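Let's walk through this model together, starting on the outside and working towards the pockets. Have the viewer open as you read.

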Amino acid sequence: MRNPHVWQESWDRQQEAFMPDREERFRAMLAAVAAVTEGEPPLLLDLAGGTGTITLRALARFPGARVTVLDQDPVLLAIAASSLRERATIVDADLGDPGWRAKLPEEGFDAVLTATALHWLPAERVATLYGEIREVLRPGGIFVNADHMPEESLPTLSERLRDHAREQREARYATGAATSWGDWWAAAAADEFLAPKAVERDRIYPATRHSQEWTPPALWHVDALRVAGFTEAGVLWRGGTDAAVIGLR
(Lines give C-alpha, C1' and ligand atoms only; values in the text may rest on other atoms or scores of the structure.)
Protein backbone atom coordinates (compact mmCIF):
# COMPACT_ATOMS: atom_id res chain seq x y z
CA MET A 1 0.00 0.00 0.00
CA ARG A 2 1.27 3.45 -0.80
CA ASN A 3 1.85 5.76 2.16
CA PRO A 4 -1.20 5.34 4.45
CA HIS A 5 -1.27 9.09 5.01
CA VAL A 6 -1.77 9.54 1.27
CA TRP A 7 -4.78 7.22 1.32
CA GLN A 8 -6.15 8.88 4.44
CA GLU A 9 -5.78 12.28 2.80
CA SER A 10 -7.35 11.14 -0.47
CA TRP A 11 -10.32 9.66 1.41
CA ASP A 12 -10.88 12.92 3.27
CA ARG A 13 -10.65 14.97 0.05
CA GLN A 14 -13.10 12.66 -1.71
CA GLN A 15 -15.55 12.92 1.19
CA GLU A 16 -15.18 16.70 1.44
CA ALA A 17 -16.03 17.02 -2.25
CA PHE A 18 -19.31 15.28 -1.44
CA MET A 19 -19.89 17.17 1.84
CA PRO A 20 -18.10 20.56 1.85
CA ASP A 21 -19.21 21.19 5.45
CA ARG A 22 -17.89 17.86 6.69
CA GLU A 23 -15.39 19.39 9.12
CA GLU A 24 -18.10 21.59 10.66
CA ARG A 25 -20.05 18.56 11.85
CA PHE A 26 -16.89 17.05 13.31
CA ARG A 27 -16.17 20.25 15.23
CA ALA A 28 -19.72 20.24 16.62
CA MET A 29 -19.32 16.63 17.72
CA LEU A 30 -16.03 17.22 19.47
CA ALA A 31 -17.34 20.37 21.15
CA ALA A 32 -20.11 18.23 22.67
CA VAL A 33 -17.51 15.71 23.83
CA ALA A 34 -15.52 18.50 25.49
CA ALA A 35 -18.65 19.72 27.24
CA VAL A 36 -19.41 16.36 28.88
CA THR A 37 -15.83 15.43 29.81
CA GLU A 38 -14.82 18.80 31.32
CA GLY A 39 -11.13 18.59 30.51
CA GLU A 40 -10.62 14.90 31.22
CA PRO A 41 -9.26 12.71 28.39
CA PRO A 42 -12.35 11.06 26.91
CA LEU A 43 -13.07 7.42 26.24
CA LEU A 44 -14.52 7.40 22.72
CA LEU A 45 -16.09 4.93 20.31
CA ASP A 46 -15.79 5.92 16.64
CA LEU A 47 -18.72 3.86 15.35
CA ALA A 48 -18.66 2.82 11.68
CA GLY A 49 -15.49 4.88 11.78
CA GLY A 50 -14.04 3.88 8.41
CA THR A 51 -10.51 5.21 8.01
CA GLY A 52 -10.62 6.77 11.48
CA THR A 53 -11.28 10.33 10.36
CA ILE A 54 -13.14 11.28 13.54
CA THR A 55 -10.56 9.45 15.64
CA LEU A 56 -7.68 11.44 14.16
CA ARG A 57 -9.44 14.70 14.94
CA ALA A 58 -10.36 13.54 18.43
CA LEU A 59 -6.76 12.54 19.21
CA ALA A 60 -5.54 15.92 17.99
CA ARG A 61 -8.03 17.77 20.18
CA PHE A 62 -7.89 15.54 23.25
CA PRO A 63 -4.35 14.34 24.07
CA GLY A 64 -4.62 11.19 26.13
CA ALA A 65 -7.99 10.16 24.69
CA ARG A 66 -8.64 6.42 24.42
CA VAL A 67 -10.42 5.62 21.18
CA THR A 68 -11.86 2.49 19.60
CA VAL A 69 -12.63 2.50 15.87
CA LEU A 70 -15.30 0.01 14.85
CA ASP A 71 -16.14 -0.79 11.24
CA GLN A 72 -16.63 -3.72 8.88
CA ASP A 73 -15.18 -2.36 5.63
CA PRO A 74 -11.84 -4.16 5.06
CA VAL A 75 -10.43 -1.42 2.80
CA LEU A 76 -11.19 1.42 5.18
CA LEU A 77 -10.06 -0.58 8.22
CA ALA A 78 -6.73 -1.32 6.51
CA ILE A 79 -6.17 2.40 6.01
CA ALA A 80 -7.22 3.12 9.60
CA ALA A 81 -4.86 0.50 11.02
CA SER A 82 -1.95 1.81 8.94
CA SER A 83 -2.45 5.48 9.81
CA LEU A 84 -3.48 5.09 13.47
CA ARG A 85 -1.18 2.22 14.45
CA GLU A 86 -1.01 2.00 18.26
CA ARG A 87 -2.95 5.22 18.87
CA ALA A 88 -6.37 3.53 18.75
CA THR A 89 -7.97 0.10 19.02
CA ILE A 90 -9.37 -1.24 15.74
CA VAL A 91 -12.42 -3.52 15.86
CA ASP A 92 -13.92 -5.38 12.89
CA ALA A 93 -17.64 -5.81 13.54
CA ASP A 94 -20.97 -5.71 11.69
CA LEU A 95 -23.48 -3.25 13.16
CA GLY A 96 -26.22 -5.26 11.52
CA ASP A 97 -25.40 -8.02 14.02
CA PRO A 98 -26.64 -7.40 17.59
CA GLY A 99 -23.49 -9.18 18.81
CA TRP A 100 -21.22 -6.27 17.81
CA ARG A 101 -20.95 -5.10 21.43
CA ALA A 102 -19.16 -8.32 22.45
CA LYS A 103 -16.21 -7.29 20.27
CA LEU A 104 -15.60 -4.03 22.12
CA PRO A 105 -12.51 -3.95 24.37
CA GLU A 106 -14.48 -2.08 27.01
CA GLU A 107 -17.69 -0.14 27.60
CA GLY A 108 -18.64 2.92 29.64
CA PHE A 109 -17.76 5.33 26.83
CA ASP A 110 -17.99 9.08 27.33
CA ALA A 111 -19.12 9.41 23.73
CA VAL A 112 -20.08 7.32 20.73
CA LEU A 113 -19.67 9.23 17.48
CA THR A 114 -20.66 8.27 13.95
CA ALA A 115 -20.95 10.13 10.66
CA THR A 116 -22.49 9.39 7.27
CA ALA A 117 -22.74 5.67 7.90
CA LEU A 118 -25.97 4.47 9.48
CA HIS A 119 -28.08 5.32 6.43
CA TRP A 120 -26.98 1.96 5.01
CA LEU A 121 -29.01 0.19 7.72
CA PRO A 122 -32.79 -0.37 7.59
CA ALA A 123 -35.07 1.63 9.86
CA GLU A 124 -35.83 -1.14 12.32
CA ARG A 125 -32.14 -1.93 12.77
CA VAL A 126 -31.21 1.71 13.38
CA ALA A 127 -33.92 2.04 16.03
CA THR A 128 -32.68 -1.09 17.81
CA LEU A 129 -29.05 -0.05 17.43
CA TYR A 130 -29.76 3.20 19.26
CA GLY A 131 -30.75 1.21 22.31
CA GLU A 132 -27.60 -0.91 22.05
CA ILE A 133 -25.46 2.22 21.78
CA ARG A 134 -27.07 3.64 24.90
CA GLU A 135 -25.93 0.57 26.82
CA VAL A 136 -22.24 1.08 25.99
CA LEU A 137 -22.30 4.68 27.27
CA ARG A 138 -21.61 5.73 30.82
CA PRO A 139 -24.37 7.66 32.61
CA GLY A 140 -24.13 11.21 31.26
CA GLY A 141 -22.37 10.04 28.10
CA ILE A 142 -23.45 11.16 24.64
CA PHE A 143 -24.16 9.63 21.26
CA VAL A 144 -23.92 11.76 18.11
CA ASN A 145 -25.00 10.66 14.65
CA ALA A 146 -24.27 13.03 11.74
CA ASP A 147 -25.87 11.98 8.47
CA HIS A 148 -28.21 12.93 5.65
CA MET A 149 -31.24 14.12 7.63
CA PRO A 150 -33.45 16.62 5.77
CA GLU A 151 -35.65 19.10 7.57
CA GLU A 152 -39.15 17.69 7.21
CA SER A 153 -40.80 21.13 7.30
CA LEU A 154 -38.84 22.21 4.19
CA PRO A 155 -39.45 19.48 1.59
CA THR A 156 -39.31 21.71 -1.50
CA LEU A 157 -36.27 23.65 -0.35
CA SER A 158 -34.51 20.45 0.72
CA GLU A 159 -34.96 19.02 -2.76
CA ARG A 160 -33.54 22.17 -4.31
CA LEU A 161 -30.61 22.15 -1.90
CA ARG A 162 -29.83 18.55 -2.83
CA ASP A 163 -30.06 19.33 -6.55
CA HIS A 164 -27.80 22.36 -6.19
CA ALA A 165 -25.22 20.42 -4.19
CA ARG A 166 -25.29 17.63 -6.79
CA GLU A 167 -24.70 20.10 -9.64
CA GLN A 168 -21.74 21.66 -7.84
CA ARG A 169 -20.30 18.25 -7.04
CA GLU A 170 -20.60 17.01 -10.60
CA ALA A 171 -18.91 20.19 -11.82
CA ARG A 172 -15.96 19.54 -9.51
CA TYR A 173 -15.71 15.97 -10.78
CA ALA A 174 -15.91 17.09 -14.41
CA THR A 175 -13.01 19.52 -14.02
CA GLY A 176 -10.87 17.05 -12.08
CA ALA A 177 -10.93 19.27 -9.01
CA ALA A 178 -12.23 16.35 -6.92
CA THR A 179 -12.31 12.57 -7.05
CA SER A 180 -15.70 10.91 -7.24
CA TRP A 181 -16.79 8.03 -5.01
CA GLY A 182 -16.51 5.55 -7.87
CA ASP A 183 -13.10 6.75 -9.01
CA TRP A 184 -11.72 6.59 -5.45
CA TRP A 185 -12.80 2.97 -5.04
CA ALA A 186 -11.39 2.08 -8.45
CA ALA A 187 -8.02 3.50 -7.40
CA ALA A 188 -8.13 1.58 -4.11
CA ALA A 189 -8.90 -1.64 -5.99
CA ALA A 190 -5.82 -1.06 -8.14
CA ASP A 191 -3.51 -0.64 -5.15
CA GLU A 192 -1.31 -3.69 -4.56
CA PHE A 193 -2.10 -3.93 -0.86
CA LEU A 194 -5.74 -2.81 -0.93
CA ALA A 195 -6.80 -4.90 -3.95
CA PRO A 196 -7.43 -8.12 -1.91
CA LYS A 197 -9.29 -6.00 0.66
CA ALA A 198 -11.46 -4.60 -2.14
CA VAL A 199 -12.36 -8.12 -3.26
CA GLU A 200 -13.30 -8.99 0.32
CA ARG A 201 -15.35 -5.79 0.52
CA ASP A 202 -17.35 -6.77 -2.57
CA ARG A 203 -18.35 -9.99 -0.82
CA ILE A 204 -19.45 -8.15 2.32
CA TYR A 205 -21.28 -5.36 0.51
CA PRO A 206 -23.02 -6.65 -2.62
CA ALA A 207 -23.85 -3.83 -5.03
CA THR A 208 -27.59 -4.31 -4.51
CA ARG A 209 -27.29 -3.93 -0.74
CA HIS A 210 -24.92 -0.98 -0.72
CA SER A 211 -27.07 1.07 -3.08
CA GLN A 212 -30.08 1.22 -0.76
CA GLU A 213 -29.92 4.26 1.50
CA TRP A 214 -32.48 5.23 4.12
CA THR A 215 -32.41 8.90 5.08
CA PRO A 216 -35.40 9.99 7.18
CA PRO A 217 -35.77 13.49 8.64
CA ALA A 218 -33.82 14.41 11.76
CA LEU A 219 -37.04 14.27 13.80
CA TRP A 220 -37.28 10.52 13.15
CA HIS A 221 -33.84 10.05 14.71
CA VAL A 222 -34.65 12.29 17.69
CA ASP A 223 -37.83 10.32 18.38
CA ALA A 224 -35.95 7.00 18.01
CA LEU A 225 -33.32 8.14 20.50
CA ARG A 226 -35.99 9.03 23.05
CA VAL A 227 -37.73 5.68 22.57
CA ALA A 228 -34.33 3.98 23.03
CA GLY A 229 -34.10 5.52 26.50
CA PHE A 230 -31.90 8.58 26.08
CA THR A 231 -32.87 11.20 28.65
CA GLU A 232 -32.39 14.05 26.19
CA ALA A 233 -32.31 14.08 22.40
CA GLY A 234 -32.21 16.79 19.78
CA VAL A 235 -30.42 18.34 16.82
CA LEU A 236 -26.87 19.39 17.62
CA TRP A 237 -25.89 20.74 14.19
CA ARG A 238 -27.43 21.33 10.78
CA GLY A 239 -25.95 22.07 7.38
CA GLY A 240 -28.41 22.09 4.50
CA THR A 241 -29.98 18.63 4.22
CA ASP A 242 -27.51 17.08 6.68
CA ALA A 243 -27.75 17.19 10.46
CA ALA A 244 -26.20 15.76 13.60
CA VAL A 245 -28.55 14.45 16.27
CA ILE A 246 -27.41 13.90 19.83
CA GLY A 247 -28.66 11.76 22.67
CA LEU A 248 -27.66 12.07 26.34
CA ARG A 249 -27.75 8.96 28.47
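On the surface, Leu154, Leu157 and Leu161 come together as a nonpolar patch with about 240 Å² of accessible area between them. A patch here takes residues with over 30% relative accessible area and no salt bridge, joining like charges within 9 Å and nonpolar side chains (Val, Leu, Ile, Met, Phe, Trp, Tyr) within 5 Å. The areas are Shrake-Rupley values with a 1.4 Å probe, and for residues only the protein chains shown count as cover. Leu161 sits in helix H6 and counts as partly exposed because its relative accessibility is 37%; buried would be under 20%, exposed over 50%, and partly exposed is what falls in between (1.4 Å probe, protein chains only). Helices (H or I, at least four residues) and strands (E, at least two) are DSSP runs, numbered from the N terminus.

Before going on, a word on the ground rules. This is a predicted model, where local features need pLDDT of at least 70 and side-chain atom pairs count only at pLDDT 80 or more, while totals for chains, interfaces and linings use all residues. Residues are numbered from 1 along each chain as its sequence is written, and side-chain values use heavy atoms, with hydrogens and water left out.

Staying with H6, you'll find Glu159 there too, partly exposed at 46% relative accessibility. Glu159 is 82 residues from Thr241 in sequence, yet their C-alpha atoms are 8.6 Å apart in space.

Thr241 leads us to the second largest pocket, which holds about 550 Å³ of space. It is lined by 22 residues, and Arg162, Ala165, Arg169, Thr241 and Asp242 are the closest to its centre. Helix H6 (residues 155-175) gives the most to this lining, eight residues. For the terms: on a 1 Å grid over the protein atoms alone, a cavity is a set of points where a 1.4 Å probe fits but cannot get out, a pocket is an open set with protein on both sides within 12 Å along at least five of seven lines, and lining residues have an atom within 4 Å of a point. Points are joined across faces, edges and corners, and a volume is the space filled by probe spheres set on them.

The largest pocket comes in at about 780 Å³. Of its 36 lining residues, Thr116, Ala117, His119, Trp120 and Trp181 lie nearest the centre. H1 provides the largest share of the lining, four residues.

That brings us to the charge pairs, 15 salt bridges in the structure (a side-chain nitrogen of Lys or Arg within 4 Å of a carboxyl oxygen of Asp or Glu). In H1, Arg13 and Glu9 meet at 2.1 Å, N to O; they are about one helical turn apart because four residues separate them in that helix. Arg22 and Asp12 also pair, at 3.1 Å. This second pair links distant parts of the chain, with Arg22 in helix H2 and Asp12 in helix H1, 10 residues apart. Arg22 is buried at 4% relative accessible area, and Asp12 is buried at 4% as well. Both belong to a salt-bridge network with Glu23 and Arg57.

Finally, look at the backbone. Most residues other than glycine have a negative phi. Ala48 has a positive phi of about 50 degrees, in the loop between strand S1 (43-47) and H3.
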